[in-house]
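Open the model in the viewer and keep the sequence panel visible. The stops below run from the whole chain to a single pair of side chains.

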Amino acid sequence: MPPADNTAALAEATRRRSRRARTNAEKAISVAQRTGSPTSFAAIAKVAGVSRSWLYTQQDLVTAIRQLQNRQPSRQRTASQPASIASVQRRLDIALGRIKQLRTENSDLAARLEMAYGEIRRLRGFSHPGGLDPGGRGTTSFPALLAPLPKTDRQEARAPATVISMKRAAMTTTPESVPAR
């Protein structure tokens, strides 16, 4: 049985779809003209439910949209304009809020750092009742607090030398360890 010849039906469906797209585009242009809504090709295409590329193929619609665009005043600023007082006040309020937040974070970090220094001093056997006074008399400077302690026999046994040697061994390759292609 030969396939059905439906080319006439397909051609008619294409003509109907094209007429519907054209009608919708003309209506969108008409509405934009009456209401003063945006007349960009993208806006017209979106309202009409057609693609911009199709819209650009319809020369009379392109001409109508361009004429409409020329009649409407530009919505963009033509020259630089000073910020309003309300705008400047809002930016200032936001900046002041951020400064307050950063000061709070800074004091929190300073307190945590002081606690960490205290913990380091405690672990190292230092205790200075006057708090942290880096570089002051009678206190230990920060670099001295962090200097490595002498290793004990127990620490030597747990030294990470074996881990380092394992990593080095993994990084070196020999011809035998490279897989054949």
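Among contacts in the chain between residues at least 6 apart in sequence, what percentage join residues at least 24 apart? The share is 45%. Keep in mind that this is a predicted model.

Start with the whole chain and colour by secondary structure. Eight helices appear, and zero strands. Reading along the sequence gives the pattern α-α-α-α-α-α-α-α.

Next, switch on the surface for the chain. The exposed area is about 15,100 Å², and carbon and sulfur atoms supply 57% of it. Colour by relative accessibility: of the 181 residues in the chain, 13% are buried.

Now select the aromatic rings. How many aromatic pairs does a search of the whole structure find? The search returns one. Select phenylalanine 41 and tyrosine 56 to see the pair. In general, a pair of aromatic rings is described by the distance of the centres and the angle of the planes. Here the centres are 4.4 Å apart and the planes make an angle of 25°. The pair counts as stacked because planes under 30 degrees apart fall in that class.

Widen the selection to residues 41-48, helix α2, which holds phenylalanine 41, and to residues 52-57, helix α3, which holds tyrosine 56. The two partners sit in separate helices, so the pair ties together parts that are 15 residues apart in sequence.

Last, compare the cover on each partner. Is phenylalanine 41 buried or exposed? Phenylalanine 41 is buried, with a relative accessibility of 6%. Tyrosine 56, with a relative accessible area of 42%, is partly exposed.

Terms used
Residues are numbered from 1 along each chain as its sequence is written. This is a predicted model: local features need pLDDT of at least 70, side-chain atom pairs count only at pLDDT 80 or more; totals for chains, interfaces and linings use all residues. Side-chain values use heavy atoms; hydrogens and water are left out. Helices (H or I, at least four residues) and strands (E, at least two) are DSSP runs, numbered from the N terminus. Buried means under 20% relative accessible area, exposed over 50%, partly exposed in between (1.4 Å probe, protein chains only). Contact means heavy atoms within 4.5 Å. Accessible areas come from the Shrake-Rupley method with a 1.4 Å probe; for residues, only the protein chains shown count as cover. Rings of Phe, Tyr and Trp (its six-membered ring) pair if their centres lie within 6.5 Å; planes under 30 degrees apart count as stacked, over 60 as edge-to-face and the rest as tilted.
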